[in-house]
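Could you walk me through this structure in the viewer, one selection at a time? I would like to know what to pick next and what is there.

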Amino acid sequence: MNKSLKDIKHLVIDMDGVLYVGNQPMACLPEFIAFLRRAGIGFMLATNNSGLTPTQYSAKLAKMGAEVAAHEIITSGTATAEWLARKYPPGTRVHVFGEDSLRQAMTDVGFVLADEDVAVVAASIDWSVNFEKIKRAALLVRKGALFVATNLDPTRPTEEGLIPGTGAIIAPIAVGAEQQPVAIGKPEPTMFELAMTKMGATPRTTATLGDRIDTDMLGGSRAGCSTILVLSGSTERPEAEAYGPDFLFTDIAHLLRAWEEQLTL
């Protein structure tokens, strides 16, 4: 690895599989966040999981001993809402296939939630998915609504193991509507660019920290950022070494030790 952790001034950090798995925090989570603040390293948490609002994620992290404000968190849901707000005016009718967190993200930017005569179908994880919801969304897409997905992750890490993610849940809509959605979350560069804008950062000083090659690493690379991969989530070491991120660590505790050592040299 030719790059140095010393050169990183900003971080775009994934959450699931990096900071915690399910409700279980990673070792040294509070210490890692405290280190970033102490070292003056700007950061934004950016997750493809839109099942919670930034405020709810902030509360979840606080219970784990990590103080992160809601404005320091981006979800694929809030990123999707901001992306749509650049294209559609307030008052636009949007159908949401997803959880209340995505509905809130849409209303926060001034959209009106509706089930008929909509301009957009915004789809994400839905824990109570059923045939009627799939049918409604597919029919609206067939009638001409823009089909947007917060992300297309096939799986997500939990204490039980990898379970179906957003991509798996919304796949029946795409098949039934015979149309693939526009994806906003990782590995598209949109979330990384949004995070850098909020931090006042540039790709040259920014790294992405994540556990997935197909989202975190690929998306960070597309946005021009350095890449830090941890093995605490979805990626095994052989796959990680074959991909070749800029930095590879077992977990954030390992990264923390290495970063502190480099800064003292």
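**A buried arginine**

Start with Arg-156, which is buried yet has no salt bridge. The nearest side chain of opposite charge belongs to Asp-16, at 4.1 Å; that distance fails the test because a salt bridge needs a side-chain nitrogen within 4 Å of a carboxyl oxygen. Please keep in mind that this is a predicted model.

Now show the backbone around the arginine: Arg-156 sits in strand β10, residues 155–158. Then bring up its surroundings. Beyond neighbours within four places in sequence, Arg-156 is in contact with Asp-16, Asn-49, Trp-127 and Arg-212, among others. The stretch Gly-161, Leu-162, Ile-163, Pro-164 and Gly-165 also touches Arg-156.

**The open sheet**

Next, select β7, β6, β8, β9 and β12, in that order: they make up an open sheet of five strands with parallel pairing. At the edges are β7 (112–113) and β12 (182–183), each of which pairs on one side only.

Zoom in on the β12 edge. Strand β9 (residues 146–149) pairs with β12 in the parallel sense over two bridges. Pick Val-148 and you will find its bridge partner in β12, Val-182.

Now add helix α4, residues 100–108. It lies across β6 (93–97), β7 and β8 (120–123), and runs at about 165° to β6.

**Last stop: cysteines**

Finally, colour Cys-28 and Cys-225. Which one is buried and which partly exposed? Cys-28 is partly exposed, with a relative accessible area of 30%, whereas Cys-225 is buried at 6%. A search of the whole structure turns up zero disulfides.

Technical notes:
Residues are numbered from 1 along each chain as its sequence is written. This is a predicted model: local features need pLDDT of at least 70, side-chain atom pairs count only at pLDDT 80 or more; totals for chains, interfaces and linings use all residues. Side-chain values use heavy atoms; hydrogens and water are left out. Two strands pair if DSSP finds at least two bridges between them. Helices (H or I, at least four residues) and strands (E, at least two) are DSSP runs, numbered from the N terminus. Contact means heavy atoms within 4.5 Å. Axes are lines fitted to C-alpha atoms, for helices over the stretch in contact, and angles run from 0 to 180 degrees between N-to-C directions. A disulfide is a pair of cysteine sulfur atoms within 2.5 Å. Buried means under 20% relative accessible area, exposed over 50%, partly exposed in between (1.4 Å probe, protein chains only). Lys and Arg count as positive and Asp and Glu as negative; His and the chain ends are not counted.
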